[in-house]
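Please examine the sequence and the three-dimensional structure shown here before reading the explanation.

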2 protein chains.
Amino acid sequence: MNECSFIFVPGMRIRDTHKETLVRKNAISILLRDGLDGFSMQKLAKACGISVGTLYIYYKNKEDLIVRLGIEEGKRMLQETMKGFSPDMPFAEGLKKQWENRSAYWLKNQEAAKFYEKIKRTHYAGPIQDEITKSFRPVMQAFVKNAIANKQLHFMSFESYWSVAFGPLYTLLEFENKGKSVGNRPYKFSKKTMYETLELVLKALTP
Amino acid sequence: MNECSFIFVPGMRIRDTHKETLVRKNAISILLRDGLDGFSMQKLAKACGISVGTLYIYYKNKEDLIVRLGIEEGKRMLQETMKGFSPDMPFAEGLKKQWENRSAYWLKNQEAAKFYEKIKRTHYAGPIQDEITKSFRPVMQAFVKNAIANKQLHFMSFESYWSVAFGPLYTLLEFENKGKSVGNRPYKFSKKTMYETLELVLKALTP
DNA sequence: CAAATATAAATGAACATTCATTCATTTACA
DNA sequence: TGTAAATGAATGAATGTTCATTTATATTTG
């Protein structure tokens, strides 16, 4: 059942891999500019300067295209979030690492991050989350388990923990995303606000 | 410039106000079922059992329809969130009230709440947020100001405060929304988790 | 009271676009 | 030269919106 296997055949024309990046970048920027209901295959093909038919060589259909881009970007983001992180780390240190990684990625890859956050709230989210989850759930669970065992984290329900540990960060990054916070206050994400907030979160979670 | 003013004219046929509810309910359920890109005016008209043309009597166009429904639901939700709340309340009490109101509304009006959360993340969000903001910004600002003045809340940036005060609640409600939390863990919102989380938040924010 | 009237509500067929998707054909390369 | 990549015109369904027409009703008139 390996979709990637292939039989070598002489004379096979090589697929233009540069084109995959082209499609991804244009798809993301159209989706952000025009929204999900302003996105179409013909618009995408035109933006890429390729034929509509070509899109159907790379992707089974529109849904497949959106879902696969979502999975790709989600994995990329989580990969970056986990850089230099290990579930054996002391709790405060590990959480800090994740906050730093996540926000650094967000600021460096604004389009990709906005795209992922947007697509997560559509009806395409299901298969995307399923795929992402598979890869990262074990690491995150181990981290919490260790922290509680080592008395670096209060005993509490997993959802309570997660919502306090990451809810505030996501809220700040959403503000950054819009450029505005609550009440349309102009907002620019800064390390200062981030560390200020992280400190509060650690105060809440740690003994 | 009052759009609502009208000149009384004999023989005016009365608009069927029941129909406005019909349109709103169907629009919301189509949007939740089929997503923004699965929503269309003809589909909506058919679901309501009325003519497409009628929709264009009530709403200028599709965007106007979505935006106005968003504003309506957003205002309704915030109205409920503020029930029995006053910016003069002691901080912990006021925050608790808002958490309770918001979650109660969410559980009682699941469709409306899901709709609002979804539409907030689309390109229709701008004008919706602008309108909502106007009504509730002053109250929320006064609450924080009072709390800091009375030393019931640490001095901190507004964004830091907001993200910690409400980020975790929104995260829990999103879990409830999906029926799953992180890593596809099945999740059902309960007052127990809510109060457990609120306690952590208060620990973070109050001296 | 009942018929006529005036008005806006409501209709739905019709419009030009745009949509997702297909496929016979052409192109480029190992 | 054989192969898969790439094309793009074509398809039929669906899109947002319009508008000439019909319907319902509050008021006026007889």
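The paragraphs below lead through the chain, the pairing of the copies, the core, the cavities and some single residues.

This is a predicted model, in which local features need pLDDT of at least 70 and side-chain atom pairs count only at pLDDT 80 or more, whereas totals for chains, interfaces and linings use all residues; side-chain values use heavy atoms, with hydrogens and water left out. Residues are numbered from 1 along each chain as its sequence is written, and chains are lettered from A and ligands numbered from 1 in the order in which they are written.

Chain A has nine helices and zero strands, so that its elements, read from the N terminus, follow the order α-α-α-α-α-α-α-α-α. Helices (H or I, at least four residues) and strands (E, at least two) are DSSP runs, numbered from the N terminus. The C-alpha trace of chain A spans about 65 × 45 × 25 Å along its principal axes. Of the 207 residues of this chain, 48% count as buried; buried means under 20% relative accessible area, exposed over 50%, and partly exposed in between, with a 1.4 Å probe and protein chains only. Contact means heavy atoms within 4.5 Å. Among contacts in chain A between residues at least 6 apart in sequence, 66% join residues at least 24 apart.

How are the two chains related? Two copies of a chain are related by a rotation about an axis and a shift along it. Here a turn of 180° and a shift of 0.0 Å along the axis lay chain B on chain A with an RMSD of 0.1 Å. The two copies are therefore related as by a two-fold rotation axis. The same surface serves both copies, in that 100% of the contact residues of chain B recur in chain A. Copies are superposed by least squares on the C-alpha atoms of residues with pLDDT of at least 70 in both.

In soluble globular proteins, nonpolar side chains tend to be buried together. The largest nonpolar core of this model has 130 residues. Such a core is a set of buried Ala, Val, Leu, Ile, Met, Phe, Trp, Tyr and Cys residues joined through side-chain atoms within 4.5 Å. The residues with the most contacts inside the largest core are A:Leu95, A:Tyr161, A:Leu205, B:Leu95, B:Tyr161 and B:Leu205. Leaving aside neighbours within four places in sequence, B:Tyr161 is in contact with B:Phe91, B:Leu95, B:Phe143, B:Val144, B:Leu153, B:Met156, B:Phe166 and B:Leu205.

The structure also holds two cavities of 30 Å³ or more. On a 1 Å grid over the protein atoms alone, a cavity is a set of points where a 1.4 Å probe fits but cannot get out, and lining residues have an atom within 4 Å of a point. Grid points are joined across faces, edges and corners, and a volume is the space filled by probe spheres set on the points. Which residues are closest to the centre of the largest cavity? Of the 16 that line it, they are A:Leu36, A:Thr122, B:Leu36, B:Arg121 and B:Thr122. The elements giving two or more residues to this lining are α6 (110-119) of chain A and α6 (110-119) of chain B. The largest cavity has a volume of about 150 Å³, and its lining has six nonpolar, six polar and four charged residues. Ala, Val, Leu, Ile, Met, Phe, Trp, Tyr, Cys and Pro count as nonpolar, Asp, Glu, Lys and Arg as charged, and the others, Gly among them, as polar.

The second largest cavity holds about 30 Å³ of space and is lined by A:Arg137, A:Met140, A:Gln141, A:Phe158, B:Val182, B:Gly183 and B:Arg185. Helix α7 (residues 125-149) of chain A gives the most to this lining, with three residues.

Several single residues complete the picture. B:Gly35 is found in the loop between α1 (18-34) and α2 (41-48) of chain B. With a relative accessible area of 1%, B:Gly35 is buried. Not counting residues up to four places away in sequence, B:Gly35 touches A:His123 and B:Ile30.

A:Lys151 lies in the loop between α7 and α8 (158-178) of chain A, and its phi is near 55°, a positive value in a residue other than glycine. At 69% relative accessibility, A:Lys151 counts as exposed. B:Asn184, in the loop between α8 (158-178) and α9 (191-205) of chain B, has a positive phi of about 60° although it is not a glycine. B:Asn184 is partly exposed, with a relative accessible area of 27%.

Terms used: 1 Å grid on protein atoms, 1.4 Å probe; cavity = no way out; pocket = protein on both sides within 12 Å on 5 of 7 lines; lining within 4 Å.
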